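Q: I am new to this structure and would like to go through it with you, piece by piece.

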Amino acid sequence: MKNPPRTRATRPGDAGDAGLENAEAAVRASASSARISLGRVFRAESANYFLLLGTTLFLVAFGLIMVWSSSSVLSYLDDTGFFGGLLRQGGFALLGIPIMLIASRMPAKFWARIAWPTLLVACFLQALVVFTPLGHTVAGNTNWLTIGSVQFQPSEGIKVALVIWLGMILAQKQDKLDDWRHVFIPVFGVGGAAVGLVLIGGDLGTVIIMAGLLFGALFFAGVRLKLLAIPLVAGIILALIVAFSSSNRFTRIMSFIGKGCDEVNGSISDACWQPLHGTWALANGGVTGVGLGNSKAKWSWLPAADNDYIFAIIGEELGLIGAIVVLLMFVLLAISLIRIMRASTSAQGRITVATVLVWIIGQAMVNIAVVLGLLPVLGVPLPLISSGGTALLTTLLAIGIALSFARTDTSLKELHP
């Protein structure tokens, strides 16, 4: 009788070794899959995407440093410590950056779907500001909504809503832009009504920026200039009437031309105090500046040192060199938005990104022009740099929307080379 074939005895540890090998193989496969997926995510982003994202993050970080420096004295006097302003603004930055990144993952159809609801909600909140006791007045402008311990500016939300809504509505009207009824009725009817709610509150500076959004969207949508001429002239006339109808705004205009600003032979008027001390802060900085944290103007000499006039503190502490760096970063931000706009494969993307461009770069130009004495005081912050939670959150959200179209356009080009 033949002996049965011998087989190797199974040792107790063999099953464990096989299981370990299988587990290691599974981990390697998972890691490889993760690397491939991560690689696909990063390959999906264009150079324009990273240029806009990097520039934005630099400006936010730079703004946090300057908010800390410019607000440290007042924060200490308010019993919040030297870092009170930084911690408050830093909290909004930690909230706003994830919001921007989440918005950048949204498809174009998402923004089209929420355009009307977003605009209606923003207008409702602004109506609460101007028509109910919930509105709060600061420096003559009723532009804040107070609900419990929370205070914010719905007008900033209207800016974002207009960005989304204008991109959607004008994309739908692409073949009807030569007919003024299809242009003026929606844009100046609905959009103009939203801007009018802010105008009722008296914030002319924000109204000017919003009007720029309307005209900028129309221009980049392809509306002929001759159609824009009449509403543009009408808007300028209306702005002048509103400016001279308020004693506060009239005083600012008079101070802009030098009325009451005789600092040599007479007292300085309240309206001239801020622009004069802003100019002196810039002059004190010279070319290289007095050093970060060494500003004299922030010691209660310059009102809104961490907000509307933060560019003056930048010029004083970092000098002409620091001011030029800020200007160059906004130029780089504009270039990145223009590149995304030109690469857009859809009318909605092109118009939406162009409206974000007009908003952020236009507001930055107005703010800097006010500090340099080229415009009367209008009370608009420097985007991404000035203190202010609502402004920072909405600006980051707008940039996130632009980033979402940069991603969408890239993916579409990969699908249809």
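Q: How do the residues of the lining of the largest cavity divide into nonpolar, polar and charged?
A: In this predicted model, the lining of the largest cavity has eight nonpolar residues, six polar and one charged. Ala, Val, Leu, Ile, Met, Phe, Trp, Tyr, Cys and Pro count as nonpolar, Asp, Glu, Lys and Arg as charged, and the others, Gly among them, as polar. A cavity is a set of points on a 1 Å grid over the protein atoms alone where a 1.4 Å probe fits but cannot get out, and lining residues have an atom within 4 Å of a point.

Q: What are the ground rules for the model?
A: Residues are numbered from 1 along each chain as its sequence is written, and side-chain values use heavy atoms, with hydrogens and water left out. Since the model is predicted, local features need pLDDT of at least 70 and side-chain atom pairs count only at pLDDT 80 or more, while totals for chains, interfaces and linings use all residues.

Q: Back to the largest cavity: how much space lies in it?
A: The space in the largest cavity is about 90 Å³. Such a volume is the space filled by probe spheres set on the points, with grid points joined across faces, edges and corners.

Q: And which residues are closest to its centre?
A: Leu382, Pro383, Leu384, Ala391 and Thr395 are the closest to the centre, out of 15 lining residues.

Q: Which elements give two or more residues to that lining?
A: They are α12 and α13, the latter spanning 389-415. The largest share, three residues, comes from α13. Helices are DSSP runs of H or I with at least four residues, strands are runs of E with at least two, and both are numbered from the N terminus.

Q: How many cavities of 30 Å³ or more are there?
A: There are two cavities of 30 Å³ or more. The second largest holds about 30 Å³ of space.

Q: What lines the second largest cavity?
A: Its lining consists of Val60, Gly63, Leu64, Val67, Gln89, Leu384, Ile385 and Leu392. Six of these residues are nonpolar, two are polar and none is charged. Helix α2, residues 47-77, gives the most, with four residues.

Q: Tell me about α2, then. Where does α2 bend?
A: Helix α2 bends by about 55° at serine 71; the bend is the angle between axes fitted to the seven residues ending there and the seven starting there. The helix has 31 residues and reaches 45 Å from its first C-alpha to its last, close to the 45 Å expected at 1.5 Å a residue. That expected span is 1.5 Å times one less than the number of residues. Just after α2, aspartate 79 takes a positive phi of about 65°.

Q: What about α6: by how much does it bend?
A: Helix α6, residues 180-200, bends by about 35° at glycine 192. Its buried residues include Val183, Phe184, Pro186 and Leu197, buried being under 20% relative accessible area, exposed over 50% and partly exposed in between, with a 1.4 Å probe and protein chains only. The buried residues of α6 pack against α4 (108-131), β2 (141-147), α5 (154-172), α7 and α8 (225-245). Glycine 202, just after α6, has a positive phi of about 90°.

Q: Why is α7 called largely enclosed?
A: Helix α7 is largely enclosed by the rest of the structure because 13 of its 18 residues are buried. Helix α7 covers residues 204-221 and reaches 26 Å from its first C-alpha to its last, close to the 26 Å expected. Glycine 222, just after α7, takes a positive phi of about 110°.

Q: New topic, threonine 355. Buried or exposed?
A: Threonine 355 is buried, with a relative accessible area of 0%. This residue lies in helix α12, residues 347-371. Apart from neighbours within four places in sequence, threonine 355 is in contact (heavy atoms within 4.5 Å) with Val163, Leu166, Leu213 and Ala217.

Q: And methionine 329, what is it in contact with?
A: Setting aside neighbours within four places in sequence, methionine 329 is in contact with Thr55, Phe58 and Leu59. Methionine 329 and phenylalanine 58 are 271 residues apart in sequence, yet 8.5 Å apart in space, C-alpha to C-alpha. Methionine 329 sits in helix α11, residues 310-342, and is buried at 15% relative accessible area.

Q: Last one: how many helices and strands are in the protein chain?
A: The protein chain has 13 helices and three strands. Of its 417 residues, 46% are buried.

Definitions and conventions:
1 Å grid on protein atoms, 1.4 Å probe; cavity = no way out; pocket = protein on both sides within 12 Å on 5 of 7 lines; lining within 4 Å.
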